[in-house]
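Colleague: Before we set anything up from this model, could you take me through it by question and answer?

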Amino acid sequence: MALNKLSLKFHNSIILKNFKNVTSVLSVRSFFNYYTTTNPPIEGPTKKLNMVQAINNALDITLQTDESALLFGEDVAFGGVFRCSLELQKKYGSERVFNTPLCEQGIVGFGIGVATAGSTAIAEIQFADYIFPAFDQIVNEAAKFRYRTGNQFDCGKLTIRTPCGAVGHGAHYHSQSPESYFAHTPGLKVVVPRSATHAKGLLLSCIRDPDPCIVLEPKVLYRAAVDEVPVDDYFTPIGKAEIVKHGDAVTLIGWGTQVHVLLEVAELAKTKFNVDCEVIDLVSILPWDKDAVCKSAKKTGRVLIAHEAPLTGGFGAELASTIQEECFLQLEAPVARVTGFDTPFPYVYEPFYMPDKWRCLQTIRKLLDY
Amino acid sequence: MFLRQSSLVLRKYLKNTHKLKLFSTSTSTIDYPGAQVIWSGNLSFTNSHSYPPISTYRVLNSKGQITNNSEDPKLSNDVLEKMYKDMVLLNVMDKILYESQRQGRISFYMTNFGEEAAQIGSAAALSIEDLVYGQYREAGVLLWRGFTIADFVNQCYGNVEDKGKGRQMPVHYGSKKLNFVTISSPLTTQMPQAAGAAYALKGKNKVVICYFGEGAASEGDAHAAFNFATTLDCPVIFFCRNNGYAISTPADEQYRGDGIAARGPGYGLNTLRVDGNDVFAVYNATLKAKEFALARNKPVLIEALTYRVSHHSTSDDSSAYRPADEVTHWATHLNPVNRLRLYLEHNSLWNEDKQKEWMKECRKNVLTVFEEGEKKVKPHWNEMFTDVYKDIPDHLKKQMEEMAQHVEQYKDKYPVKNFS
Ligand SMILES: Cc1ncc(C[n+]2csc(CCOP(=O)(O)OP(=O)(O)O)c2C)c(N)n1
Ligand SMILES: [Mg+2]
């Protein structure tokens, strides 16, 4: 009998109460502070939403306005493991919002089919770390569909949403930022929101974009990113970067969560070195906004690019090579990259792995002293 | 009715015609290379209604009685006691580690409630030399093999004693010594790997066992594994824990066939389905699978029907997608640990006093070890850079050196005191 109780009561056990000093060894240092979006992209009413709610809102608008839209993936029916599709099955029925079997290649292949047949497909891959079984469908099929059929067929109505990035304790398989794998694939569009506002606007843009898109959602922002988000339908343009903070000393480029790290770094650089950094949110990885980046690089002459993904072959490499091609004569120092190291994403070592504010700050000093 | 009869006749026929007669000229036998053929003038679907459901083997009924004495595995009292004690210890460890996550002391945990018999029964039927590939909900298998509570706790903390060097999330256990290949989160990747390992171990008097969930069975890798194992004659036991759920997704949204077992014959896999909450049934099935795999160099599929009493993990609240009384039903009336306890009590091998004493010992042991594990520091942070390759390549050495300089300069900004 004692056993029955044991397995039943594990939800609210008191066994550990006899521990003194419950010092949380975890006390994960948050590696960023969220900078809320203060300028809504459109006029009209706004609502305080976090990134999950903003995504849910974009999905809701789509299902409401596009009768052909389907939403599916692992555990999507009950709301998804991050709750992005909460209540949507109830609202739109299980023929439009549904669970799939546990198979990423199936999810994307199915989505390509849905899109090819003319319906809007919004596929969720539960974690970006688990997108690789679908790599073939994405890279060889979705990306090349229009091209290899001579534009007779396309799967532009496919959008893949997937949570990515570090959270403090995700280790190898709940932390990765795979943007550069997809950036290496002509035919795809890849975006990364840094805010609740962008999450909604970018998702709506991707869903309506005529090409297959991947939205990499930094999952640590799901609850942390809270903005006054416009209630109405709107687009955040794909392919356009945003200057989040103006400055003249060093250009700091990032995307997703890293933008918030860089905003804090810019403040630190102001107090410690008395310089004004320009912070650019790239927003869109493929295509990316060469004009905005190079204009800023030419202005400041010093560039730091930071991303969580490893250094070698990371998207920073693409930016750096273009900047040196386009802005060579205006550069005062070599383009610097502060990134995750060339190791798998590690568990307990995460504080040492991240391109955190101190590594960025030290690099700014080097750029200034060059 | 007709369908059933004809399928019986058909199965008998297939049994008798062992080899495909590729070059036969007789009109009654078959010439197509892809499958055996029996001609029919009757156009009808073959589907899951063409056959009765695959039967489920059971030894202990829910009252803890052996229903058919010829199936009694006749285990020694020592083994029986170890089976039961390990199940209880597993429960206690799960409860404490689950709670510790709730208190923010470890970051994540997954419990094994409801699946104790499937784990312990299968582990007990194998020898330590047999190689294990797990999914993640198989802590009982490790416990049976001798993974200590300290081993579990150290891994969950990723401290300096963790054999995995603090690199993976909690519950990603592994032990070279215990022939348990380290758990990896991406589902189903272990299945084709298990087939390959079994192929390489052929003739060495060892089998490989590979655990997986009914959800994981939907991945393409499961198909690859089954097909490789049969076509390449690999002595591997594919052990499916069919616990009814993959996170929130119920089995009927995962597949529409007769469970995972029904796939076996389609691949040419010898298949067993057992009551996964009956430790003796699981034991007998695994033993038979091992004997068969070794004798014939062929794979076996076992489907153990069970129920995930736990939430999926500490990140999950299953009340959002399944009724509480469903869980209660499985946790009480169909509890596999209770079932074994009832059997032991009928046979005077266990009683309330022993129960109290063992529970007390388990709690004390786990709590002590837990506190010790919590105090231990993490490995040196530069272990982050080792083992990416056998030797650290130059580019990584440079990154490590740069980080060392950086940490030296910004000492107060990094949790260096928690690391060796
Ligand atoms: C390739 C991949 N996709 C998705 C996940 C996320 N995930 C982790 S466990 C799980 C459910 C697995 O269910 P099942 O195989 O039935 O095992 P159970 O948890 O029931 O023991 C999912 C979807 C993953 N780990 N790997
Ligand atoms: Mg399951």
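**Backbone, domains, chains and metal**

Modeller: To begin with one backbone position, A:Asp75 lies in the loop between strand 2 (70–73) and helix 3 (88–92) of chain A, where helices (H or I, at least four residues) and strands (E, at least two) are DSSP runs numbered from the N terminus. This is a predicted model, in which local features need pLDDT of at least 70 and side-chain atom pairs count only at pLDDT 80 or more, while totals for chains, interfaces and linings use all residues. Residues are numbered from 1 along each chain as its sequence is written, chains are lettered from A and ligands numbered from 1 in the order in which they are written, and side-chain values use heavy atoms, with hydrogens and water left out.

Colleague: What is the phi of A:Asp75?

Modeller: A:Asp75 sits in the loop that follows strand 2 of chain A and precedes helix 3. Its phi is positive although the residue is other than glycine, with a value near 65 degrees.

Colleague: Which peptide bond is cis, and what is its omega near?

Modeller: The proline concerned, A:Pro287, is placed in the loop between strand 12 (284–286) and helix 11 (290–300) of chain A. The cis bond runs from A:Leu286 to A:Pro287, and its omega is near -5 degrees.

Colleague: How many Å separate the centres of domain 1 and domain 2 of chain A?

Modeller: Chain A is divided into domain 1 (46–230) and domain 2 (242–369), bounds that come from an automatic or database domain assignment. Taken over C-alpha atoms, the separation of the two centres is 27 Å.

Colleague: Which residues of domain 1 of chain A lose the most area to domain 2 of chain A?

Modeller: Between them the two domains of chain A bury about 2,000 Å², 60% of it on carbon and sulfur atoms; buried area here is the accessible area (1.4 Å probe) that two parts lose on being put together, summed over both. On the side of domain 1 of chain A, 29% of what is buried belongs together to A:Glu179, A:Val192 and A:Arg194.

Colleague: With which residue does A:Asp281 form a salt bridge?

Modeller: The count between domain 1 and domain 2 of chain A is two salt bridges, each a side-chain nitrogen of Lys or Arg within 4 Å of a carboxyl oxygen of Asp or Glu. For A:Asp281 the closest N and O atoms are 2.8 Å apart, and the partner is A:Arg194.

Colleague: How many salt bridges are counted between chain A and chain B?

Modeller: Here 62 residues of chain A are in contact with 81 residues of chain B, contact meaning heavy atoms within 4.5 Å. The area buried between chain A and chain B is about 6,000 Å², with 65% from carbon and sulfur atoms. The salt-bridge count between chain A and chain B is nonetheless zero.

Colleague: Why does the pair B:Glu214 and B:Asn243 tie together parts that are apart in sequence?

Modeller: The protein donors of the magnesium ion (ligand 2) are B:Glu214 (OE), B:Asn243 (OD1) and B:Tyr245 (O), lying 2.1 to 2.3 Å from it; donors are N, O and S atoms within 2.8 Å of the metal (3.2 Å for Na, K and Ca), and water is not among the atoms, so sites may look incomplete. Because B:Glu214 lies in the loop between strand 3 (208–213) and helix 7 (220–231) of chain B and B:Asn243 in the loop between strand 4 (236–242) and strand 5 (245–246) of chain B, the pair ties together parts whose separation in sequence is 29 residues.
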